[in-house]
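Here's a relaxed walk through a protein model for someone meeting it for the first time. Have the picture open beside you and follow along.

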Amino acid sequence: MVSNNTAVMDIKEKPGIIRSIVCDRARSPLSRILSLSKDAATHSSTSSECVASVMSQTKDAPASALGVLVKAEGLVKVYRRGAEEIRALDGVNVRVQQGEFVCLLGHSGAGKTTTLNLFGLMDRPSDGELTVAGHAISGADVSFLPEAKLDMIRRENIGFIFQQFYLMPTLSATENVDMPLLWSGKSDVERSRALLERVGLGHRMTHRPAELSGGEQQRVAVARALINEPKLLLADEPTGNLDTRTRDAIFDLFGELNKEGLAIVLATHDTEIARRVDTVIHLQEGRIVD
Ligand SMILES: Nc1ncnc2c1ncn2[C@@H]1O[C@H](COP(=O)(O)OP(=O)(O)O)[C@@H](O)[C@H]1O
Ligand SMILES: [Mg+2]
């Protein structure tokens, strides 16, 4: 059997594998998990060098922003496909406070994923004001932030969870959790193990995704999302692939993390989930409805 450390070294020696996956789709789930832009992935510099280059520009959030993690006013997102224009978000106002649990509730096509992509700095608004963790991202008099700076803000503040767990099939649970750190050259296997303990998977650390149940795979994904100590967790239909009992267990885990101070924005069409959170934002055709 290959030991954890050997396997981690193995990936380290093959950064091209990770890079090629990331480059494949600049906005793929994996690139979000690794907090990478296409630029950061394709440039010959390591991502830690890329991070260092923007360090000086990215200081702590101003005091005025404390308490509010996301502030969106009149947020608009228009997708253009040739001559076709799709107004996916049409003037959305949202505030997410530190430690708040918010549910974005809506049918398919309502604009939930689009909202999470904007909050997670994976896409830029077409119009409106957006501030994330005290950083003005868009709005009047807001200068255009380079991708590397968005990566930095994302890495320091945001974790992502998806309906499909997007675990690397050839890596163990521990290595999957460690992957974002590994990518930045700061692998911390002990911390990855501690997070797996935290999500109740202390007994599954060397298992690969195919050797885990759906609920267990999502727990690995939750642990991975926590590796950078985010303030905000963005979860896109995180229980959509799970049976009711497993859904409830994963939701309970979110509840515990939220009680520990983590703000969560969870997108779902599941009204049962929505009943259990602080704030429900009901989206319909890109607008908030009552
Ligand atoms: N990249 C894109 N290009 C064009 N249209 C898109 C794109 N992403 C989403 N849309 C459209 O925007 C609308 C909102 O989509 P989305 O935010 O994914 O909704 P939800 O997550 O609530 O199902 C839908 O009509 C969808 O077809
Ligand atoms: Mg969606």
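Start with L121, which is buried because 26 other C-beta atoms lie within 10 Å, and 20 or more is what counts as buried. You'll find L121 in the loop between α6 and β4. Keep in mind that this is a predicted model. The backbone of L121 has a quirk too: its phi is near 60°, a positive value in a residue other than glycine. For background, most residues other than glycine have a negative phi.

L121 has some company in this respect. Y166 isn't a glycine either, yet its phi is positive at about 50°. Y166 sits in the loop between β6 (158-162) and α8. Is Y166 buried, exposed or partly exposed? It has 18 C-beta neighbours inside 10 Å, so Y166 counts as partly exposed. Here are the positive phi values side by side.

| Residue | Where | Phi |
|---|---|---|
| L121 | loop between α6 and β4 | near 60° |
| A133 | hairpin of β4 and β5 | near 50° |
| Y166 | loop between β6 and α8 | about 50° |
| G185 | just after α8 | about 75° |

**The overall build**

Now zoom out. The protein chain has 290 residues, and 44% of them count as buried. Its secondary structure comes to twelve helices and ten strands. How much of the contact network joins residues at least 24 apart? Taking contacts between residues at least 6 apart in sequence, 72% join residues at least 24 apart.

**The four-stranded sheet**

One open sheet has four strands in the order β2-β1-β4-β5, with antiparallel pairing. Its edge strands are β2 and β5, each of which pairs on one side only. From one strand to the next, the twist averages 25°. Generally speaking, strands of a sheet pair through backbone hydrogen bonds, either parallel or antiparallel.

Look at the pairings inside this sheet. β1 and β4 run antiparallel over five bridges, and V76 has D127 in β4 as its bridge partner. On the other side of the loop that closes the hairpin, β4 (residues 127-132) and β5 (residues 135-138) are antiparallel over three bridges. There, T131 is bridged to A136 in β5. The hairpin of β4 and β5 has two residues between the strands, and this is where A133 takes its positive phi.

**The six-stranded sheet**

The other open sheet to look for has six strands, in the order β6-β7-β8-β3-β9-β10, and its pairing is mixed. β6 and β10 (287-289) are the edge strands, each pairing on one side only. The twist here averages 25° from one strand to the next. At the β6 edge, β6 and β7 (residues 232-236) pair in the parallel sense over five bridges, with I158 standing opposite L232 in β7. Helix α6 packs on this sheet, where it touches β3 (101-105), β7, β8 (263-268) and β9 (279-284). The direction of α6 makes about 155° with that of β8.

**Around the ligand**

α6 also turns up around ligand 1. The surrounding residues are Y79, R81, I86, A88, G106, S108, G109, A110, G111, K112, T113 and T114. Three elements give two or more residues to this shell: β1 (68-81), β2 (84-97) and α6 (112-119). Which of them gives the largest share? That's α6, with three residues. By class, the shell divides into four nonpolar, six polar and two charged residues.

**A pair of helices**

Finally, turn to α8. This helix is mostly covered, with ten of its eleven residues buried. Among the buried ones are A173, E175, M179 and W183. The axes of α8 and α9 come within 9 Å and cross at roughly 115°, in a right-handed crossing. On the α8 side the contact uses A173, T174, V177 and D178, while α9 brings V189, S192, R193, L195 and L196. That makes five nonpolar, two polar and two charged residues in the contact.

Between these helices, α8 (173-183) and α9 (189-198), the loop holds S187. Why does S187 count as buried? Because it has 20 other C-beta atoms within 10 Å, and 20 is enough to qualify as buried. S187 and E175 are twelve residues apart along the chain, and their C-alpha atoms are separated by 9.2 Å.

Technical notes:
Residues are numbered from 1 along each chain as its sequence is written. Chains are lettered from A and ligands numbered from 1 in the order in which they are written. This is a predicted model: local features need pLDDT of at least 70, side-chain atom pairs count only at pLDDT 80 or more; totals for chains, interfaces and linings use all residues. A residue is near a molecule or strand if its C-beta atom, placed from the backbone, lies within 6 Å of it. Ala, Val, Leu, Ile, Met, Phe, Trp, Tyr, Cys and Pro count as nonpolar, Asp, Glu, Lys and Arg as charged, and the others, Gly among them, as polar. A residue is buried if 20 or more other C-beta atoms lie within 10 Å of its own, exposed if 12 or fewer, and partly exposed in between; C-beta atoms are placed from the backbone. Two residues are in contact if their C-beta atoms, placed from the backbone, lie within 7 Å. Two strands pair if DSSP finds at least two bridges between them. Axes are lines fitted to C-alpha atoms, for helices over the stretch in contact, and angles run from 0 to 180 degrees between N-to-C directions. A crossing is left-handed if the near helix is turned anticlockwise from the far one by less than a right angle, and right-handed if clockwise.
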